[in-house]
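The following paragraphs lead the reader through a single protein chain, from its sheets and helices to its cores and a few individual residues. Please keep the sequence and the model in view while reading.

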Amino acid sequence: MTATSRHTDRTAHRALRREVPSTAAVLADERDFTAMRRYRTFPFDDHGSYLRQMEKLLRTLTAQGVLTTLSLFDPAAYETYCAELDLDPDRPESRTRYAAEAARTGATVTYEGEPLRSLLPLLVEEADRRAAWDHATALLARTGNCAECGTDLARAAFARATHAVQQLLASLGDGSHHLVCSIAADGPPLLAVLHATARDGAPPGLTETETLGFCTVLATGLALRAPGGIVARSTTAPTERDTTADGGRDTVRGWSLRDSWLRPLSTAEVFTAYCTDADTGEPVPPEHGVDYAPGLPLTPPPGTHDHH
């Protein structure tokens, strides 16, 4: 083989490498990392060092023009995966196969050269959103049809939830809005987050995946008549009277689920809900620059199976 042909082969190899994407599954927290250390072939002793080596590898691939998809490595799911496929979990090739499966079926983000520690919270958030959506979808699928009229309860609840979210955002008006929906369902509580920004009276900008997940979680609460609610934190354009450091204030409003609809909370109820530690029940000091306001009235839509 001539020098020219070898050079051509290397060039073609590098070009082809850029055409083949990569996947990586990362142990995001110390607990998951510790769980993997029980395997003899797992080559790391320190979580911080592991993350630095992972980031170095990801940056190298990015510098080569290789697109890398990042997912979470879940030790418990990995153990189940190996048991189902009769794989030895203490082998590197088993971890490789699981990483590929996690990227195919689980939550992922694309690595674009940013620090890994700043990207991991986004990946965990996406995994939580995906888990909540999967759980809510499974609960909705079990609702079946109404015994009285045959209505598809899941479809009716989703239509009702969509109407509620549209009306809620329209009522909030201009500004940047951060909405959290929490539902006490079977198993762990369902949580969904929705970010929306509206300016000059135009429809709010929404992310499709966030909106779908949010409406699905809310629909589950409506269909099951489960306890829950929505809290909205809105940031509007500053005025001359604003006194916070950045010239603007936030307003927090709330709604509770009652009779398959969102009922506005009073100012006192919003304050109590927002300024209470969810784990301990102890009061939390109110934030500076935050106003607490009653939830806005929302009108239920007609003809969406609310007559039973």
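Two strands are said to pair if DSSP finds at least two bridges between them. Helices (H or I, at least four residues) and strands (E, at least two) are DSSP runs, numbered from the N terminus. The model is a predicted one, in which local features need pLDDT of at least 70 and side-chain atom pairs count only at pLDDT 80 or more, while totals for chains, interfaces and linings use all residues. Residues are numbered from 1 along each chain as its sequence is written, and side-chain values use heavy atoms, with hydrogens and water left out.

The chain contains nine helices and nine strands. Of its 308 residues, 37% are buried, where buried means under 20% relative accessible area, exposed over 50%, and partly exposed in between (1.4 Å probe, protein chains only). Contact means heavy atoms within 4.5 Å. Among contacts between residues at least 6 apart in sequence, 65% join residues at least 24 apart.

Consider first an open sheet of three strands, which has the order 1-2-3 and mixed pairing. Strand 1 (22–26) and strand 3 (108–111) stand at the edges with a single partner strand each, so one side of each is left without a neighbour in the sheet. From one strand to the next, the twist averages 30°; axes are lines fitted to C-alpha atoms, for helices over the stretch in contact, and angles run from 0 to 180 degrees between N-to-C directions. Strand 2 (residues 68–72) runs antiparallel to strand 3 and is joined to strand 3 by four bridges. Within this arrangement, S71 stands opposite T108 in strand 3.

Two helices accompany this sheet. Helix 5 (residues 92–105) packs on the sheet and touches strand 1, strand 2 and strand 3, its direction making about 95° with that of strand 2. Helix 6 (residues 116–141) lies across strand 1, strand 2 and strand 3, at about 65° to strand 2. Helix 6 also packs with helix 3 (residues 47–63), at an angle of about 95° and with the axes 10 Å apart. Helix 3 is therefore roughly perpendicular to helix 6, given that angles under 35 degrees count as roughly parallel, over 145 as roughly antiparallel, 65 to 115 as roughly perpendicular and the rest as oblique. In this contact, G48, L51, M54, E55 and L58 of helix 3 meet L116, R117 and L120 of helix 6. The residues of the contact divide into five nonpolar, one polar and two charged; here Ala, Val, Leu, Ile, Met, Phe, Trp, Tyr, Cys and Pro count as nonpolar, Asp, Glu, Lys and Arg as charged, and the others, Gly among them, as polar.

Further along the chain, strand 4 (175–183) and strand 5 (190–198) pair in the antiparallel sense over nine bridges. In strand 5, H195 is the bridge partner of H178. The hairpin of these two strands has six residues between the strands, and in it G187 takes a positive phi near 85°. Strand 4 is also joined to strand 6 by eight bridges, again in the antiparallel sense, and C181 stands opposite I230 in strand 6. The side chains of strand 4 alternate: G175, H177, L179, C181 and I183 point to one face and are buried, whereas S176, H178, V180 and S182 point to the other and are not.

Which residues have the most contacts inside the largest nonpolar core? They are L179, L218, I230 and L262, in a core of 34 residues. A nonpolar core is a set of buried Ala, Val, Leu, Ile, Met, Phe, Trp, Tyr and Cys residues joined through side-chain atoms within 4.5 Å. Helix 7 gives the most to this core, with eight residues. Beyond its neighbours within four places in sequence, I230 is in contact with residues including L168, L179, F214, L218, W255 and L262. Another core, of 28 residues, lies apart and includes M54, L58, C82 and L119.

Two loop residues deserve a final look. D86, in the loop between helix 4 (75–85) and helix 5, has a positive phi near 55° although D86 is a residue other than glycine. S260, in the loop between strand 7 and strand 8, likewise is not a glycine and has a positive phi of about 60°. D86 counts as exposed because its relative accessibility is 70%, whereas S260, at 14%, counts as buried.
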